[in-house]
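Please open the model in your viewer and keep the selection panel at hand. The stops below are meant to be taken in order, each with something to select and something to look for.

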Protein chains: 2
Amino acid sequence: MSVNPIVFNNTVLRDGHQSLAATRMRTEQMLPVVELLDGVGFGALETWGGATIDSCLRFLGENPFDRLDALKRLSPKTPHMMLLRGQNIVQYTSFPDDVVSAFVKCSAEHGMDIFRIFDALNDIRNLKTAFRAVKEAGKHAQGVICYTTSPVHTVETFIKLGEELEAIGSDSVCIKDMAGLISPSMSYELVKSLKQRLKVPVVLHTHSTAGMGAASYYAAIEAGVDEVDTSIAPFANGTGQPDTLLMQKMLEQSPRKPSYDVEKLHQLREHFDGVYEELSDFTSPRNERVDSDILIYQVPGGMLSNFRNQLKEQGMADRLEEVMREIPYVREQLGWIPLVTPTSQIVGTQAMLNVKFGRWKMLSQPAMDILLGKYGRTPGRVDAERRKQAERQANQEAIECRPADVLEPRLPALKAELAARQFPDADEVAVLHAMFPQELKKILTRASAPVTPTVTPGKENPAKRSAAVSGTVSRYRLMINGTPYGVSVETLD
Amino acid sequence: MSVNPIVFNNTVLRDGHQSLAATRMRTEQMLPVVELLDGVGFGALETWGGATIDSCLRFLGENPFDRLDALKRLSPKTPHMMLLRGQNIVQYTSFPDDVVSAFVKCSAEHGMDIFRIFDALNDIRNLKTAFRAVKEAGKHAQGVICYTTSPVHTVETFIKLGEELEAIGSDSVCIKDMAGLISPSMSYELVKSLKQRLKVPVVLHTHSTAGMGAASYYAAIEAGVDEVDTSIAPFANGTGQPDTLLMQKMLEQSPRKPSYDVEKLHQLREHFDGVYEELSDFTSPRNERVDSDILIYQVPGGMLSNFRNQLKEQGMADRLEEVMREIPYVREQLGWIPLVTPTSQIVGTQAMLNVKFGRWKMLSQPAMDILLGKYGRTPGRVDAERRKQAERQANQEAIECRPADVLEPRLPALKAELAARQFPDADEVAVLHAMFPQELKKILTRASAPVTPTVTPGKENPAKRSAAVSGTVSRYRLMINGTPYGVSVETLD
């Protein structure tokens, strides 16, 4: 057993609120404790990437690079980490190599230190451009093994992937269990094998969705994992990462016990308690508890709740079980793609279409793209018949090459588009324009408007809000077991 | 590592709803799935004891022995288990030996198989009478190690206690971690040592309150524990035991993987989903999630929320931190008693009094009783000065003997009291009369009333209810604290 203390990476500024509050935490809600976070001594602070860039532009009216600058300024000591979706950058489809490279270069220039790079299909070819750019920028490239369960995902295939990631230059390797599916025994086995076979540090990232997160970290730590990701409650546990204080407490008698300052962790929790309340429109008690659906249906919780709504809209609310049973079949035919954004939606929608119209009578566009190889190489082979159907319907051949190989460079065109609209055409703007053209336009237009009032949502006084509706009093006479009671009911909120 | 599959005991009918729904599950909410529960093959079904007897009498208007009869009739295959508070039976103070013995004898006659017997102070003398009675009835006596943390609670003291429990005839030994404080490493170490030193099976019971439950079970299973307690979601996780389905899923790749029927577990969950909704007046999202308070303040979550209310009532809402800091000091002076009902309240109240009036200016009655030895031998020595103060104020000497040694037999008197009021005076009634005289009286009086309509709460059709609204008078059946009321409401304006 290793005796080096376990290292915690903190995710509260990215995955914590992405998982528990729909990625709605604003920069100004982070700033008061960024110095404090920097002083705890975490292995890394995950501050950017994933859905945060989308959310900054779409919902928060923030420039994501400004956020990164602000956070970096207040936390210069701890390495910053971001989640990068390989060739998809922080979107859902492939981008040309020049856009990917420019994005990485800009991020590095703005202070990003560790790039955690994954591909939903574990197609390593989709990681290579980002890796090269990270290396050129002199930063840390962390290769990712996306964990999922299927007949073609075995300990051996994961280990082999880990070795490949090391071979292409991973400075560390992360097992990313985005659905919270990894069991303690599997964590132990995977980590043990990777530690034997790799020279670089091994990291485990999981979610407590199914209630296994803390146990799986425990087993991984026993097996010698170097780092695990933790968050700060209440942006922790449930659909998020295990809480830092919880994990430290859990390891009190462990030889690998870490020693982060409990007082500081306590202060952080107090701050984030307040932020959590401010974000109450986006939080849900459902996200905080153990999700049994994932144990019964073997699909991520978020997927199931979306799904129930979708089925209702389609007038198929009573066919949930049937659609659920269709999912493994669809997954198999699509080459056992993992159930994670965006592939969970692709599989789910296709399963629904199969049940509603008969198997493969309707083929959704994204399922067709999977079959045509446009997302990359699937973990298992896609069904030959299905591929033929897709080729026929799309009237094009499936590709075997790296998806981005068929994409032309776009950076010059992106810059020209921006310039034509008299927007700034710096690389930072161009890469955002590539991924979020509509949202970026809104931001850029607003920024040039004469007055941009500072918006501080979530700071309304709840007392004020309730004052508007109080004062409605109803009076009743109640007979309870034959006894009369005069009762008045005042609606308070 | 052991290779025998781990055995799950199911707690949904006792600790599950005691922890997550204030013990309010009614017998009729259990009955539809008792046969199903019996068919799963659990090691035991915890169906009785703890707070259920109190709740039956106080809130549900049920005769607890009738409940046991009904449950036993429908689940004859699986052993039934109950939680017994040693000399306190299912109350908070010591009862005479004859009452304890009669209670055990009646419970055995009504079908109880396994008696899990604990004393909050781990004073083994408080277990002996119950043990003897269980043996006389030919049933299984499970000795309990109450787990807590303090300078005088070490692995060695717990192991020694385990050996003593085996020596007095425990058929199995249970580590009972009622506050959810045990860490995976501690679970591993304790179980490993107990398995080496004891011949009888070892059981671990914990709660997921602090988020460590599943991880601690995992570690205990690795260390060779024979049985763990699990429940059925939504009466599981959070402040309750880990969910059965979750634990089975978690152990999928373990050599000790159990193989309970997933379809049956799924059906059970669907039933209890409905019951959980019916009991929504007594459930709280707070109970379902990981409780960080316990990690920060080192006190059980339930204690802290009670406490905040108590402090508010005393106008001391701003002095929480101060009172919290007083707790370890009070615990030390009171001989490091564990923080569990009723000792958590005793310590908490005394800490509050100390902060409000100055240390030991006011001594609460229960704290005085602890100091006078009336609860038994404390884990550490109580402070000598404090003991003298208690003796002076109470004007009596502290006792060193087993508390029940100073209690006269009471069964004949209890029966005489019942007979005088023309109530039945069977042992079953006498033992309940000893513990819950007021509540029993209500039940006995009501039962002799001419008509007791059968109430089926939670099964009313909401549609029908609104149909009953006619004119300005509406009639309802209300469930208030588990008691049904016929209500008519007349709108006046």
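The tour of this predicted model goes from cavities to a helix, then to backbone geometry and salt bridges.

**The largest cavity**

Begin with the whole structure, in which a search finds four cavities of 30 Å³ or more. The largest cavity has a volume of about 250 Å³, and to find it you can select A:Gly211, A:Val290, B:Ser208, B:Gly211 and B:Val290, which are the closest to its centre of the 26 residues that line it. Then show helix 10 (213–222) of chain A and helix 10 (213–222) of chain B, since each of these supplies at least two residues of the lining of the largest cavity. If you colour that lining by class, you should see 12 nonpolar, 10 polar and four charged residues.

**The second largest cavity**

Next, select A:Asn88, A:Asp119, A:Ala120, A:Pro342 and A:Tyr375, which lie nearest the centre of the second largest cavity, among the 14 residues that line it. The space within the second largest cavity comes to about 120 Å³, and its lining divides by class into six nonpolar, six polar and two charged residues. Which domains of chain A does this lining draw on? Domain 1 (7–287) and domain 2 (293–405) of chain A each give at least three residues to the lining of the second largest cavity, and it may help to colour these two ranges separately before moving on.

**Helix 6 of chain A**

Now select residues 97–109 of chain A, which make up helix 6 and number 13. From the first C-alpha to the last, helix 6 of chain A reaches 18 Å, close to the 18 Å expected at 1.5 Å a residue. Which residues of this helix are buried? Those to highlight are A:Val99, A:Val100, A:Ala102, A:Phe103, A:Val104, A:Cys106, A:Ser107 and A:Ala108. Stepping past the end of the helix, you come to A:Gly111, which follows helix 6 of chain A and has a positive phi, near 115°.

**Cis peptide bonds in both chains**

Move to the loop between strand 8 (227–230) and helix 11 (244–250) of chain A, where A:Pro234 has its place. The peptide bond that leads from A:Ala233 to A:Pro234 is cis, with omega near 5°. In chain B, select B:Pro234, found in the loop between strand 8 (227–230) and helix 11 (244–250) of that chain; here the peptide bond from B:Ala233 to B:Pro234 is cis, with omega near 5°.

**Positive phi outside glycine**

Return to chain A and select A:Asn237, which lies in the loop between strand 8 and helix 11. Although A:Asn237 is not a glycine, it has a positive phi of about 65°. Is A:Asn237 buried or exposed? Its relative accessible area is 4%, so A:Asn237 counts as buried, the cut-off for that class being under 20%.

Then centre on A:Thr23, in the loop between helix 1 (12–20) and helix 2 (27–30) of chain A. The phi of A:Thr23 is near 60°, a positive value in a residue other than glycine, and at 8% relative accessibility A:Thr23 also counts as buried.

**Salt bridges**

For the last stops, turn on the side chains; side chains of opposite charge can pair when their charged atoms come close. Over all chains the structure holds 56 salt bridges, a few of which are visited here.

Select A:Glu322 and A:Arg319, whose side chains meet in a salt bridge with 3.1 Å from N to O. Both partners can be reached at the surface in part: A:Glu322 is partly exposed, with a relative accessible area of 32%, and A:Arg319 is partly exposed, with a value of 26%. In chain B, the side chains of B:Glu322 and B:Arg319 meet in a salt bridge as well, at 3.1 Å from N to O; B:Glu322 is partly exposed at 33% relative accessibility, and B:Arg319 is partly exposed at 26%. Back in chain A, select A:Lys105, A:Glu109, A:Lys415 and A:Asp427, which are joined into one network by salt bridges that share partners.

Finish with A:Arg387 and A:Glu400, which form a salt bridge whose closest N and O atoms are 3.1 Å apart. This pair links distant parts of the chain, 13 residues apart, with A:Arg387 in helix 19 (residues 384–394) and A:Glu400 in the loop between helix 19 and helix 20 (411–420) of chain A. A:Glu400 itself is exposed, with a relative accessible area of 59%.

Conventions
Residues numbered from 1 in each chain as written. Chains lettered and ligands numbered in written order. Predicted model: local features only at pLDDT ≥ 70, side-chain atom pairs only at ≥ 80, totals over all residues. Heavy atoms only, no water. Salt bridge = Lys/Arg side-chain N within 4 Å of Asp/Glu carboxyl O. Buried < 20%, exposed > 50% of the residue type's maximum accessible area, 1.4 Å probe, protein only. Helix = DSSP H or I, 4+ residues; strand = E, 2+ residues; numbered from the N terminus. Expected span 1.5 Å × (residues − 1). 1 Å grid on protein atoms, 1.4 Å probe; cavity = no way out; pocket = protein on both sides within 12 Å on 5 of 7 lines; lining within 4 Å. Points joined across faces, edges and corners; volume = space filled by probe spheres on them. Nonpolar A, V, L, I, M, F, W, Y, C, P; charged D, E, K, R; others polar. Domains from an automatic or database assignment.
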